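Work through these exercises with the structure open beside you. Try each task before you read its solution.

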Amino acid sequence: MTDTPIDRAHAAMEAAPSDDAARLRFYERLADAELFLLLEKEPEGERISPEVFEVQDSSFVLVFDTEERLANFVGKPAPYAAISGRVIAQMLASPGIGMGVNLEVAPSSILIQPEAVSWLVQTLENAPDEIEAKVEEFSAPAGLPEVLITALDEKLSTAIGLAKWAYLVGTTYDNGVRSHMLGFVGALPHAHGALAKAVSEALTFSGIDAGALDVGFFDTSDQVAAQLARVGLRFDLPEPEAPTEHIHVVPGSDPEKPPKLR
């Protein structure tokens, strides 16, 4: 079976148990992944009933990062809901339930304790500050750790259709402050907040202490977009695939309308 992003992140974490950055990257992959949550019965509208197991005096639901792994674990047809890891964590944090990830069917088999789920939710809730400042000069990015570049590339690969490109540049502001900016070009207006939060998460889960990265949004016709293209490191965001058939919307597929636990 082909390994998955969660498999690779888990292997890196296991190989370096004292490496906080490796552990953070695993939790980031878990939050970003689409997970298949085992249910005790078929969904009823927007309500779902996950199978809950008691292990070592704690409660856990079971999630898998592929449908095949869920089927291998259960051994028979079983109801499930496909939901992002971050939404599942938000559902579980309040009742204090943990996650069993890929149990017994993958090298990334792991129990995520309830307190770790709560920590993940708190970390994901960190939002970037919004400020207004005038940039005097854009320059090529310099001095940023490779781990951050990789984290941005991985994070933006999940932002399907939200913008055309992003450019990482150095900045000098009118007050003399020097920093770095990720400038999005052609971003959908309603996606600005989500993209800014994605950049903030990439920085947080990179394990960079006291790091900062500004975010800007520009139209494709904006002169600034041309300046970014001349000096910046470009990230191409994936385009959405053209729909070929009607897809039934399952509970949890809309992050703005998470399913309700029964």
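**Exercise 1.** Find the helix that holds glutamate 28, then decide whether this residue is buried or exposed.

*Solution.*
- Step 1. Glutamate 28 sits in helix 2, which spans residues 20-32. Keep in mind that this is a predicted model.
- Step 2. The relative accessibility of glutamate 28 is 1%. Buried means under 20%. Therefore glutamate 28 counts as buried.
- Step 3. Now look for its contacts. Leaving out residues up to four places away in sequence, glutamate 28 touches Lys155, Glu201, Ala202 and Phe205.
- Step 4. With lysine 155 there is a polar contact, side chain to side chain, at 3.3 Å.

**Exercise 2.** Lysine 155 leads to helix 6. List the buried residues of helix 6 and explain why they lie on the same side.

*Solution.*
- Step 1. Helix 6 covers residues 146-156. Its buried residues are Leu148, Ile149, Ala151, Leu152, Lys155 and Leu156.
- Step 2. Recall the geometry. An α-helix has 3.6 residues a turn, so residues three or four places apart point the same way.
- Step 3. Check the arc. The buried residues of helix 6 cover only 165° around the axis, which puts them on the same side of the helix.
- Step 4. Ask what this side meets. The buried residues pack against helix 2, helix 4 (85-93), strand 9, strand 10, helix 7 (192-205) and strand 12 (233-236).

**Exercise 3.** Place strand 10 among its partner strands, and give the direction of each pairing.

*Solution.*
- Step 1. Strand 10 consists of residues 178-185, and seven of its eight residues are buried.
- Step 2. Take strand 9 (residues 165-173). Strand 9 pairs with strand 10 in the antiparallel sense, over eight bridges. Threonine 171 has serine 179 of strand 10 as its bridge partner.
- Step 3. Look at the link. The two strands form a hairpin with four residues between them. Glycine 176, in the turn, has a positive phi of about 90°.
- Step 4. Take strand 11 (residues 214-218). Strand 11 runs parallel to strand 10, and five bridges join them. Here glycine 183 stands opposite glycine 216.

**Exercise 4.** Classify two aromatic pairs: phenylalanine 26 with tyrosine 27, and phenylalanine 64 with phenylalanine 73.

*Solution.*
- Step 1. A pair of aromatic rings is described by the distance of the centres and the angle of the planes. The whole structure holds five aromatic pairs.
- Step 2. For phenylalanine 26 and tyrosine 27, the centres are 5.5 Å apart and the planes make 75°. An angle over 60 degrees counts as edge-to-face, and this pair is edge-to-face.
- Step 3. For phenylalanine 64 and phenylalanine 73, the values are 5.4 Å and 45°. That pair is tilted.
- Step 4. Add the burial. Phenylalanine 26 is buried at 0%, and tyrosine 27 is buried at 11%. Phenylalanine 64 is buried at 0%, whereas phenylalanine 73 is partly exposed at 27%.
- Step 5. Extend the first pair. Phe26, Tyr27 and Trp119 form one aromatic cluster.

**Exercise 5.** Which residues touch the most other members of the largest nonpolar core?

*Solution.*
- Step 1. In soluble globular proteins, nonpolar side chains tend to be buried together.
- Step 2. The largest nonpolar core has 33 residues, and Leu37, Met99 and Ile112 touch the most other members.
- Step 3. Apart from this core lies another, of 20 residues, including Ala159, Ala163, Leu203 and Leu213.

How values were computed. Residues numbered from 1 in each chain as written. Predicted model: local features only at pLDDT ≥ 70, side-chain atom pairs only at ≥ 80, totals over all residues. Heavy atoms only, no water. Buried < 20%, exposed > 50% of the residue type's maximum accessible area, 1.4 Å probe, protein only. Pairing = 2+ DSSP bridges. Core = buried A, V, L, I, M, F, W, Y, C linked by side-chain atoms within 4.5 Å. Polar contact = N/O pair within 3.5 Å; in protein donor to acceptor, adjacent residues only side chain to side chain. Contact = heavy atoms within 4.5 Å. Phe/Tyr/Trp six-rings, centres within 6.5 Å; stacked < 30°, edge-to-face > 60°. Arc of directions from axis to C-beta.
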